[in-house]
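Before going into detail, it may help to look along the backbone for places where its geometry departs from the usual. The report below takes up a few such places in turn.

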Amino acid sequence: MKLLNKLLCVAALLGAALGTPLAQAATELKLDKAPVSFSNASLQNGAKLFVNYCMGCHGASFLRYNRLTQIGLTEQQIKDNLMFSTDKVGEQMKIALRREDAKQWFGVAPPDLTLVARARASESGTGADWLYTYLRSFYRDDTRPTGWNNVVFPNVGMPHALWSLQGEQEARLVTKDDGHGKKVTEIEKLEVVKPGLLMPEEYDAQVADLVSFLVWMGEPSQETRRGLGWIVLAALGVLAVLAYLLKHAYWKDVH
Amino acid sequence: MSQINALVDKGKEVLGWVDERFPLSSLYKEHLAEYYAPKNFNFWYFFGSLALLVLVNQIVTGIFLVMHYKPDASMNGAGIPVAFASVEYIMRDVPGGSFIRYLHSTGASAFFIVVYLHMFRGLLYGSYRKPRELVWLFGMGIFLCLMGEAFFGYLLPWGQMSGWGAQVIVNLFSAVPVIGPDLSVFIRGDFVVSDATLNRFFAFHVIAIPLVLLGLVSAHLIALHEVGSNNPDGVEIKKKKDARGIPIDGIPFHPYYTVKDIFGVSIFLIIFAAVVFFAPEGGGYFLEFNNFVPYDPMKTPPHIAPVWYFTPFYSMLRATTSDFLPALWALVVVVAGLSFVSCKNVWVRRLCALVAVGTYWGFFGLTVFGKTPALFDFDLLGVHFGKGLDAKFWGVAMMGGSVLLFAFLPWLDQSPVKSIRYKGGLYKTILSLFVVSFILLGILGTKAPGYAFFGVIPGEPVAAVCTLIYLCFFAFMPWYSRLDKTKPEPERVTWK
């Protein structure tokens with residue numbers, strides 16, 4: 001039995017050890033940690049950015065406008081500032097762009113973004129990390145139809161929607177030995193060559209707010225869920241103690 | 001006081017009325033109050049009742065999900081498939097919907113965790129041994145239904161992994177000789193996974209399989225209560241009875257095990273709730289990230305991974321390449337040879353020879369281990385007689401077969417003792433290797449092909465070795481279980 005226990009422990013440890021760190025070795029993508037904040041200020045700013053810069057092409061068709069009351073806005077504020085395509089506050093955040101047209105213009109119809117923060121999670125990082133890095137990794141590339149390319153999403157169909165804020169970045173290339181005697185050209189870093197309206201740190205903060213909003217939108221009830229979770233766990237903890245005492249009391253006469 | 005007595009009398013009267021028409025009291029006695037279970041159940045014996053709990057959870061949450069879910073692959077106004085959108089509708093607009101959905105999706109993974117541990121208990125203590133063969137076989141039926149249920153259910157959210165996972169698995173059937181391609185179209189109802197597939201999978205998931213599942217669970221319990229529960233010592237408590245005919249080491253299931261199981265349930269629920277409320281995606285293993293993207297039949301994801309509970313078997317499918325077949329054939333020959341030597345029956349011996357020759361042809365056709373060109377080729381209905389059957393077919397056979405192997409355990413295990421407590425080092429070592437292999441296969445199945453452990457140990461040979469260990473655990477059991485140096489079983493169960 002001892003041997004078996006030992007081997008089982010080894011198996012469990014192997015399982016635990018192999019579960020996480022290896023996966024990262026396989027992918028080369030390095031993502032920056034997104035400073036996600038669920039404060040009303042961040043989420044409201046994110047909502048503003050989303051409606052102004054993203055909703056031209058991307059819908060958020062699972063989210064209703066009046067859900068935004070959850071992030072501290074009144075229905076009147078939502079109507080006055082965020083609703084351009086409908087006058088019903090219970091309406092979903094859909095867009096007028098026709099998928100067929102979009103497909104012709106961009107090569108691919110812009111995806112609905114309600115769940116993008118959940119869908120983009122991977123072994124390299126959370127969906128928020130991906131989005132945060134992606135939105136800061138656009139650079140000028142004249143070989144692309146839109147004139148833009150992206151480090152995180154090579155040959156992406158989307159142009160840099162936030163370029164007026166960030167400015168224009170260019171890629172600094174570096175030629176390296178690939179370890180097998182061949183020369184490969186890689187992007188070393190991106191440099192802002194034409195400044196935008198914002199300083200780099202300001203731009204990062206705006207993107208962080210936008211990403212926070214996208215994360216919130218992926219599951220608007222996530223904070224309620226976690227809050228409720230503690231209550232449920234506490235109640236179940238009490239149940240477990242009572243159940244243990246009950247069992248103990250009943251089993252006294254088993255000899 | 002007299003009022004209470006009157007009420008008690010009234011209650012007895014009602015019960016008597018029912019008992020004359022339906023065996024309520026006797027069912028209660030037979031299965032709860034006078035079902036005598038061994039008193040030495042340990043940790044591993046919680047998982048049977050937990051499986052029942054999760055089954056009830058799946059059915060109850062499933063009923064509420066069906067009230068709002070729409071099995072419809074057509075696009076809604078925003079260009080999203082209706083089925084996909086209806087899941088998000090449940091998550092956002094149905095009161096309590098996200099909670100119900102997470103209970104269901106986490107419940108699916110919990111079901112497999114609980115059932116795998118329940119089956120492992122069977123391996124530890126020989127719960128499949130005589131007289132519990134049918135308990136085990138009904139259990140196998142439940143396990144198969146569960147796999148079917150999980151597979152059909154996974155299509156319903158209509159995400160990328162739903163659609164492409166189903167496409168990959170249904171395509172496996174096309175590897176079956178002669179009827180394969182037609183069979184996979186027949187299962188899908190279309191040439192790709194489409195609305196027709198979604199509708200039939202919905203029907204299987206919500207009614208066909210659950211019906212069979214409930215029947216099998218009843219049979220599993222009836223068979224168990226007929227023969228009585230095994231225990232960690234693997235000795236029969238029915239052999240030692242007191243004057244009233246009650247096993248000395250038995251205690252009534254109710255109240256002793258009901259109160260004990262309530263405690264087990266509360267611990268399980270704490271872990272379960274922790275996942276539901278704090279990590280419902282289970283790190284991408286319970287809800288795969290790519291499944292938050294609607295299914296697009298025109299866009300193949302770079303890596304299609306089945307959900308974690310299928311990955312050990314999926315790994316074995318992937319390991320079965322044409323390079324692996326010689327090793328597999330060697331195993332078949334050794335097992336057939338051993339059976340030939342140990343069995344005097346002429347028909348068994350002929351069967352052994354036939355299996356060795358038949359699998360050689362099936363694996364390699366008329367070539368030398370698939371390395372040389374075929375002597376000739378004769379093609380009948382897509383079966384190439386000179387080349388044997390495609391490795392893909394053997395991969396599918398491997399995946400199905402590796403699940404079904406569990407069903408043979410009652411007859412493969414020839415050990416004089418049931419429980420691991422009295423088995424020798426040989427069995428313990430082999431069982432440990434089996435468990436390690438199963439876990440490694442499970443890990444590999446979640447990874448893309450070409451994966452290497454720690455970036456250096458390539459996954460493919462590990463999968464091949466683990467597959468062979470998995471097979472050897474079953475294939476050589478009749479011999480190593482006899483060779484194993486066992487300890488004598490005690491007369492009665494050991495307790496405290």
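In which loop of chain B does F369(B) lie? In this predicted model, F369(B) lies in the loop of chain B that runs between helix 13 (346-364) and strand 3 (379-380). Although F369(B) is not a glycine, its phi is positive, at about 50°. Its relative accessible area is 34%, so F369(B) counts as partly exposed.

A positive phi is also found at W158(B), which is likewise not a glycine and has a value of about 60°. The place of W158(B) is in the loop between helix 6 and helix 7 (160-172) of chain B. With a relative accessible area of 3%, W158(B) is buried, because it falls under the cut-off of 20%. As background, most residues other than glycine have a negative phi, and most peptide bonds are trans.

The two peptide bonds described next are cis, and each leads into a proline.

| Cis peptide bond | Omega |
|---|---|
| K130(B) to P131(B) | near 5° |
| H254(B) to P255(B) | about 15° |

Where in chain B are these prolines placed? P131(B) lies in a loop, with helix 5 (97-125) on one side and helix 6 (133-155) on the other, whereas the place of P255(B) is in helix 10, which covers residues 253-278 of chain B.

Conventions
Residues numbered from 1 in each chain as written. Chains lettered and ligands numbered in written order. Predicted model: local features only at pLDDT ≥ 70, side-chain atom pairs only at ≥ 80, totals over all residues. Heavy atoms only, no water. Helix = DSSP H or I, 4+ residues; strand = E, 2+ residues; numbered from the N terminus. Buried < 20%, exposed > 50% of the residue type's maximum accessible area, 1.4 Å probe, protein only.
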